[in-house]
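Please look through the model below together with the points that follow, which are meant to be read with the structure open.

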Amino acid sequence: MSETAGTPCVLLCVTGCIAAYKSCETARCLQRAGARVKVLMTEHATHFVGPTTFRALTHEKVAVGLFDDPEDPIHHISLAQEADVVLVAPATANILAKMAHGIADDLMSTTLLATKAPIVVAPAMNVGMWEADATQENVRTLQRRGVHVITPDSGYLACGDVGGGRLPDPWRVADLALMAAGEAGPLAGEHVLITAGGTHEPIDPVRFIGNRSSGKMGAALARAASRQGANVTLVLGPASIEPPAGVRCVRVETAAEMLAASEEAFEDATIAICAAAVADYTPAKPADHKLKKTEERLDTVELTETVDILAALSARKGERTVIGFAAETSNVVDYALAKLSRKGCDAIVANDVSREDSGFGTDTNKAWWIDADGTHEMPCMSKEGLAYEILRRATKS
Ligand code: PMT
């Protein structure tokens with residue numbers, strides 16, 4: 001067990017695969033979630049990332065060879081005993097095969113055979129190798145024995161093929177490892193309300209005023225909060241994404257419906273994050289029949305202002321933490337600062353929606369965190385990664 005009470009010790013096993021570089025980020029995610037991380041690499045893995053990098057990140061010795069540590073002649077046993085959870089990420093087809101067949105011919109395979117700690121593997125490899133009968137049979141064998149297998153993502157692979165075999169986002173890998181270690185999650189006990197997606201404001205039964213929000217940013221926040229143990233309500237307007245599993249989702253259409261659902265969920269919330277792109281205006285008198293172009297005026301629609309949900313929640317936030325977003329195309333930080341004081345929330349996540357890799361519909365986002373302590377610029381990153389950053393800052397964890 002870990003020397004530090006309450007701090008889980010994760011033994012991160014890195015095997016020889018191009019995705020080994022992602023393990024540096026996985027190590028950081030584990031640390032940010034409060035874990036102590038020790039790294040064990042195969043000889044092959046050191047061709048992709050140097051042990052020095054992991055030593056600098058973890059401030060711990062990095063284990064590679066069976067006989068590297070003269071002070072610890074049975075290193076595989078001490079590593080196996082110290083870990084609260086063993087995470088193999090990335091896991092090659094080779095290490096899966098060794099684990100399935102009990103082969104113990106180096107430090108990693110002997111440690112994996114010796115440990116009594118829960119084992120989580122995150123396979124990453126070429127799609128052909130992943131789908132091969134031998135690999136799938138080995139995976140089933142490991143699952144039967146209680147090893148947690150994180151299904152690889154599908155997409156573009158380093159070898160040029162497209163298909164299953166990509167290592168999932170480091171945050172996801174880190175979360176699943178900590179959950180296998182029996183960690184309650186840093187957000188256990190929190191009730192998080194998230195608004196996401198756009199709104200459709202009806203002009204008549206078939207036409208509406210809407211926007212390009214896909215719901216991805218809000219869904220990433222909901223997923224990350226839920227994975228960290230929070231009770232999550234996602235108030236989701238029209239969007240192209242499916243709500244994440246394990247999250248209570250209330251589907252709405254208009255700004256008025258989003259306001260009503262948000263106010264209801266706010267009663268039990270400890271944190272609210274307004275990531276939705278809510279229409280600022282709605283048609284004053286939506287028609288109850290399809291307007292006829294030839295008979296009725298369609299070139300002018302009288303609009304009325306919607307209620308600002310973020311401002312309404314902030315006005316009665318009490319002890320809760322309320323976070324807003326600001327979608328800007330220029331002077332991002334200045335406009336967001338003005339929104340922070342106008343809306344009365346605790347912090348604003350300002351995102352630059354003029355960039356191709358940021359804002360509406362993208363998988364990545366370029367954002368700044370702005371609160372009473374100042375402005376913090378973040379690099380352009382996956383919406384998943386940004387979601388964890390936002391939650392970490394919102395809870396000051
Ligand atoms: O959904 P994706 O495709 O992933 O895109 C993500 C996103 C770009 C929509 C998201 O990152 C984002 O920026 N959301 C806020 C969009 C927006 O409407 O920004 P705004 O600057 O107009 O509004 C400021 C804040 O007030 C937002 O928190 C908004 O939710 C809130 N607001 C605005 C109007 C209104 N009537 N009620 C509100 O709550």
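1. T195 stands opposite V235, a residue of β11. The two strands concerned in this part of the sheet, β8 (residues 191-196) and β11 (residues 231-236), run parallel and are joined by six bridges. Please keep in mind throughout that this is a predicted model.

2. The wider setting is an open sheet of eight strands with mixed pairing, in the order β12-β11-β8-β13-β16-β17-β19-β20. At its edges are β12 (248-251) and β20 (374-377), each of which pairs on one side only, and the twist from one strand to the next averages 15°.

3. Two helices deserve attention alongside the sheet. Helix α12 lies across β16 (321-328), β17, β19 (367-371) and β20, and runs at about 150° to β17. Helix α13 (residues 383-394) packs on the sheet as well, touching β13 (271-274), β16, β17, β19 and β20, with a direction that makes about 10° with that of β19.

4. Is C345 buried or exposed? C345, which is found in the loop between α12 (332-343) and β17 (347-352), has a relative accessible area of 8% and is therefore buried, the cut-off for that term being under 20%. Leaving aside residues up to four places away in sequence, C345 touches L310, S314, V322, G324 and L340; of the pair C345 and V322, the C-alpha atoms are 5.3 Å apart in space, although the residues are 23 apart in sequence.

5. On the surface, I18, Y21 and F48 form a nonpolar patch that together has about 340 Å² of accessible area. I18 is placed in the loop between β1 (9-14) and α1 (22-32).

Terms used: Residues numbered from 1 in each chain as written. Predicted model: local features only at pLDDT ≥ 70, side-chain atom pairs only at ≥ 80, totals over all residues. Heavy atoms only, no water. Patch = residues over 30% accessible without salt bridge, like charges linked within 9 Å, V, L, I, M, F, W, Y side chains within 5 Å. Areas by Shrake-Rupley, 256 points an atom, 1.4 Å probe, with all protein chains shown as cover. Salt bridge = Lys/Arg side-chain N within 4 Å of Asp/Glu carboxyl O. Helix = DSSP H or I, 4+ residues; strand = E, 2+ residues; numbered from the N terminus. Buried < 20%, exposed > 50% of the residue type's maximum accessible area, 1.4 Å probe, protein only. Contact = heavy atoms within 4.5 Å. Pairing = 2+ DSSP bridges. Axes fitted to C-alpha atoms, helices over the stretch in contact; angles between N-to-C directions.
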